[in-house]
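Q: I'm new to this one, could you walk me through a few parts of it?
A: Gladly, let us look at it together.

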Amino acid sequence: MVQAFRKTGRPASARARISRDVTKRLDSTPGLRRAKTDQAQLYFYPDYLTDDECAMLIDRIDANRRPSTLLSRHEDPEFRTSESCDLDRWDPQVRMIDERLAHLLGIPPENGETMQGQRYAPGQQFRAHCDYFHEGEPYWPAMQKQGGQRTWTAMIFLNNVEEGGATWFPRAGLRIAPKKGMLVTWNNMLRDGSPNYDTLHEGMAVIEGTKYIITKWFRESAWIRTDFKTY
């Protein structure tokens with residue numbers, strides 16, 4: 001079963017090049033530190049957003065949140081129980097943060113999906129999953145039309161949480177507690193441009209308080225929004 005998960009996508013020279021270029025940029029960026037693990041390529045940037053920026057994004061998430069969805073059906077009804085919000089990328093305050101993330105990674109802004117906000121109330125979670133697309137799944141042709149595979153993920157915690165709500169990378173041996181303003185970014189691909197199963201991660205259940213985050217996914221090519229079924 002693990003072997004099947006490992007072979008969820010093909011190597012790709014374009015993705016491998018993106019990995020090399022972003023790595024070179026991040027390794028030379030002041031304020032970033034790389035996680036001490038060989039399984040996944042992951043970086044931390046404390047205090048990436050200000051308190052005011054975090055508060056602004058939380059307000060927008062609360063105003064527009066809806067139940068979170070999945071690209072394919074899952075037999076576990078508790079697999080993803082959070083709420084989500086697609087942030088308006090043309091809102092001047094959102095756009096400034098959106099394009100700043102693209103610049104940080106050195107990825108063209110047009111390759112970025114719409115930044116998504118997520119809200120986790122007590123008991124809500126997102127069980128272990130990978131951000132890359134499984135290229136054997138029925139949704140893959142639609143994702144190819146949208147810009148192809150997800151290469152890098154950028155996630156920012158918008159608040160501290162009283163208890164619970166950590167982001168856990170079980171295969172990489174990392175458990176990251178929410179800390180307001182902290183950016184976590186990781187490469188979803190291996191050196192050869194194929195998906196890295198060791199980026200498997202979980203938004204652990206909040207026990208006390210409410211967790212807010214934003215997530216930005218970057219594609220291998222320009223992202224073009226198309227209609228597709230979600231669950």
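Q: How far apart are the end C-alpha atoms of α2, and what should its 15 residues span?
A: Bear in mind that this is a predicted model. The end C-alpha atoms of α2 are 21 Å apart, and this agrees with the 21 Å that its 15 residues should span at 1.5 Å a residue.

Q: Which residues of α2 are buried?
A: The buried residues are Arg15, Ala16, Ile18, Ser19, Val22, Thr23 and Leu26. They cover an arc of only 155° around the axis, so they lie on the same side of α2.

Q: Why would residues three or four places apart point the same way?
A: Because an α-helix has 3.6 residues a turn.

Q: And which exposed residues sit on the face of α2 turned away from its buried side?
A: That face carries Ser13, Arg20 and Lys24.

Q: What covers the buried residues of α2?
A: The cover includes β1 (33–34), β2 (42–45), α4 (92–105), α5 (140–146), β7 (150–157) and β11 (183–187).

Q: Switching to pockets, what gives the most to the lining of the second largest one?
A: Helix α2 does, with four residues, while the lining as a whole has 14 residues, of which Thr23, Arg34, Gln41, Asn187 and Arg191 lie nearest the pocket's centre.

Q: How does that lining divide by class?
A: The lining of the second largest pocket has four nonpolar, six polar and four charged residues, and the pocket has a volume of about 310 Å³.

Q: What about α3, which residues are buried there?
A: In α3, Glu53, Cys54, Met56, Leu57, Ile58 and Ile61 are buried, and what covers them includes β4 (83–86), α4, β5 (116–120), β7 and β14 (211–219).

Methods:
Residues are numbered from 1 along each chain as its sequence is written. This is a predicted model: local features need pLDDT of at least 70, side-chain atom pairs count only at pLDDT 80 or more; totals for chains, interfaces and linings use all residues. Side-chain values use heavy atoms; hydrogens and water are left out. On a 1 Å grid over the protein atoms alone, a cavity is a set of points where a 1.4 Å probe fits but cannot get out, and a pocket is an open set with protein on both sides within 12 Å along at least five of seven lines; lining residues have an atom within 4 Å of a point. Grid points are joined across faces, edges and corners, and a volume is the space filled by probe spheres set on the points. Helices (H or I, at least four residues) and strands (E, at least two) are DSSP runs, numbered from the N terminus. Ala, Val, Leu, Ile, Met, Phe, Trp, Tyr, Cys and Pro count as nonpolar, Asp, Glu, Lys and Arg as charged, and the others, Gly among them, as polar. The expected span of a helix is 1.5 Å times one less than its number of residues. Buried means under 20% relative accessible area, exposed over 50%, partly exposed in between (1.4 Å probe, protein chains only). The arc is that of the directions from the helix axis to the C-beta atoms. Contact means heavy atoms within 4.5 Å.
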